[in-house]
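Work through these exercises with the structure open beside you. Try each task before you read its solution.

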Amino acid sequence: MVELANDRVLRALLSLPVDKTPIWIMRQAGRYLPEYRKVRQQAGSFMKLCKTPELACEVTLQPLARFDLDAAIIFSDILTIPDAMGLELSIVEGKGPVFANTVRDEAAVNKLFVPDPETELKYVCDAIRLCRQELNNKVPLIGFSGSPWTIATYMVEGGTSKHFSTIKSMLYRSPELLHRLLDILTQSVTAYLNAQIAAGAQAIMIFDTWGSVLTAEYFRIFSLAYIQTIIENLTKMAEKRRVPVVVFIKGGGRWMEWIADCGCDAIGLDWTVQIAKAKRMVGERVALQGNLDPAVLYAEPEVIRQEAEKILESYGEGPGHVFNLGHGILPDVPPENVKVLVDAVHELSENYHQQDEDDDEETLEE
Ligand code: CP3
């Protein structure tokens with residue numbers, strides 16, 4: 001097994017004991033950092049930044065140079081797969097992601113193909129390989145993908161959506177066509193994540209940002225079932241370690257019991273969930289990641305510490321918690337406040353973990 005100087009995140013995601021609660025932050029490399037904005041400007045566009053492994057690696061590591069984070073997450077986007085399928089993604093200022101081509105009918109679905117991760121998406125694998133070299137086993141590197149449903153919403157709607165009218169009418173008018181699209185995406189995501197693991201990703205996160213716009217019944221059929229298929233087909237071990245899988249369904253708190261059964265090792269929680277309640281419901285089955293309201297980072301340092309402590313206290317003693325925000329960090333947050341949060345979590349969480357030497361004997365090997 002490769003020795004990591006800090007493997008708290010990998011241990012906590014598998015509910016193994018740790019000395020302190022680990023923390024990383026969704027979208028930790030991003031616009032709230034002036035050094036990110038500088039490299040982004042040099043690159044010229046978001047996609048150019050993603051597609052240049054040296055620059056993607058540089059921005060991946062930027063937040064780790066500033067803060068004592070317990071993991072890095074590869075800088076990329078959930079929409080690289082449809083871009084590789086020929087939909088041509090751009091991130092437009094003030095508008096978000098926009099596709100040049102959409103997928104709304106049978107002819108468009110027929111044109112789709114499963115991208116080869118080491119060809120069309122090689123830039124992501126190269127960025128991962130480079131980051132692993134640069135990280136030199138200091139902290140683990142997280143790989144990620146969107147869920148088939150969430151990626152499909154962008155492909156069908158053409159970008160961000162308010163009511164998801166186009167994809168939902170596809171669901172109710174031509175469910176078989178939507179299933180075909182989701183099936184191609186499931187194959188694509190599986191190959192992509194396995195390539196990320198082969199390139200060096202040490203944990204995997206699946207983002208289902210829009211699962212909660214579905215009814216409970218259709219969430220299981222059109223989103224969770226596909227996530228489960230992906231997880232069943234992921235590489236379980238790499239470098240003699242388990243590769244934990246986190247599933248984040250924004251707004252999924254009401255379906256925690258189902259999510260806990262999809263084969264994941266951990267559930268990412270948004271800030272609407274009481275983490276104590278989540279632990280009671282599913283804590284025996286999965287670890288939990290989250291779930292500070294991202295807006296807390298606008299507060300004074302003392303308030304940030306108090307709000308962090310509330311979450312640590314709510315989760316209580318024992319392993320199985322990775323601290324994070326309940327969604328991505330907001331672009332106008334002062335970076336100093338992130339340091340306050342990271343340091344507070346490390347300092348305050350020691351009280352919730354046993355400092356027992358015997359714990360070290362439990363390992364991640366199988
Ligand atoms: O967490 C990290 O640091 C890794 C990088 C990461 C990005 N996007 C970088 C990014 C991750 C994990 C994502 C995931 C992602 N992308 C999701 C799922 C998570 C979530 O937020 O729910 C979704 C839905 C997307 C689609 C997407 N890409 C959106 C909504 C945006 C933001 C648009 C905007 O203008 O705010 C993007 C672009 C994007 N992806 C940015 C970053 C840092 C901002 C682009 C920029 O620099 O201009």
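**Exercise 1. A107 and a distant partner**

In which helix is the place of A107? Then classify its accessibility and give its C-alpha separation from S188.

Solution. Keep in mind that this is a predicted model.
Step 1: A107 sits in helix 6, which spans residues 106–110.
Step 2: The relative accessible area of A107 is 48%. Buried means under 20% and exposed means over 50%. A107 is therefore partly exposed.
Step 3: A107 and S188 are 81 residues apart along the chain, and their C-alpha atoms are separated by 19 Å.

**Exercise 2. The shell around the ligand**

How many residues surround the ligand, and which are the closest? Find how they divide by type and which elements supply them.

Solution.
Step 1: Count the shell. It has 23 residues. The closest are R27, R31, Y36, T209 and H327.
Step 2: Sort the shell by type. There are 14 nonpolar, 5 polar and 4 charged residues.
Step 3: Look for elements that supply at least two shell residues each. Helix 2 (34–43) and strand 3 (96–99) do so.
Step 4: Place the ligand. The space it takes is the largest pocket.

**Exercise 3. Polar atoms beside the ligand**

Which ligand atoms lie by the side chains of R31, D77 and T209? Then state how much of the ligand's area the protein buries.

Solution.
Step 1: Start with R31. One of its polar side-chain atoms is 2.6 Å from a ligand oxygen atom.
Step 2: Go to D77. An N or O atom of its side chain lies 2.7 Å from a ligand nitrogen atom.
Step 3: Finish with T209. Its side chain has an N or O atom 2.6 Å from an oxygen atom of the ligand.
Step 4: Turn to area. The ligand taken alone exposes 870 Å², and the protein buries 90% of that.

**Exercise 4. Residues in one loop**

Where do S15, R27 and T21 lie? Classify each as buried, partly exposed or exposed.

Solution.
Step 1: Locate S15. It is in the loop between helix 1 (8–13) and helix 2. R27 lies in the loop between helix 1 and helix 2. So does T21.
Step 2: Classify S15. Its relative accessibility is 31%, so it counts as partly exposed.
Step 3: Classify R27. At 59%, it counts as exposed.
Step 4: Classify T21. At 2%, it counts as buried.
Step 5: Check phi. Most residues other than glycine have a negative phi. S15 is not a glycine, yet its phi is positive, about 60 degrees. R27 is not a glycine either, and its phi is also positive, about 60 degrees.
Step 6: Follow T21 across the chain. T21 and Y352 are 331 residues apart along the chain, but their C-alpha atoms are separated by 8.2 Å.

**Exercise 5. Two buried side chains**

Which partners do the side chains of D70 and T60 reach?

Solution.
Step 1: Find D70 in the loop between helix 4 and strand 1 (72–73). Its relative accessibility is 0%, so it counts as buried.
Step 2: List the partners of the D70 side chain. It makes a polar contact with the side chain of R8 at 2.8 Å. It also reaches the backbone nitrogen of I23 at 2.8 Å.
Step 3: Find T60 in helix 4 (residues 53–66). With a relative accessible area of 1%, T60 is buried.
Step 4: Name the partner of T60. Its side chain reaches the backbone nitrogen of F75 at 3.0 Å.

**Exercise 6. A covered helix and a cis bond**

How many residues of helix 8 are buried? Also find the residue that follows this helix, and decide whether the peptide bond from G290 to N291 is cis or trans.

Solution.
Step 1: Inspect helix 8 (residues 148–157). It is mostly covered, with 10 of its 10 residues buried. Among them are W149, Y154 and E157.
Step 2: Move past the end of helix 8. G158 follows, and its phi is positive, near 90 degrees.
Step 3: Locate N291. It belongs to strand 10 (residues 287–292).
Step 4: Read the omega from G290 to N291. It is near -5 degrees, and the bond is cis. Most peptide bonds are trans.

Note on methods:
Residues numbered from 1 in each chain as written. Predicted model: local features only at pLDDT ≥ 70, side-chain atom pairs only at ≥ 80, totals over all residues. Heavy atoms only, no water. Near = heavy atom within 4 Å. Polar contact = N/O pair within 3.5 Å; in protein donor to acceptor, adjacent residues only side chain to side chain. Areas by Shrake-Rupley, 256 points an atom, 1.4 Å probe, with all protein chains shown as cover. 1 Å grid on protein atoms, 1.4 Å probe; cavity = no way out; pocket = protein on both sides within 12 Å on 5 of 7 lines; lining within 4 Å. Sits in = over half its atoms within 2 Å of the grid points. Helix = DSSP H or I, 4+ residues; strand = E, 2+ residues; numbered from the N terminus. Nonpolar A, V, L, I, M, F, W, Y, C, P; charged D, E, K, R; others polar. Buried < 20%, exposed > 50% of the residue type's maximum accessible area, 1.4 Å probe, protein only.
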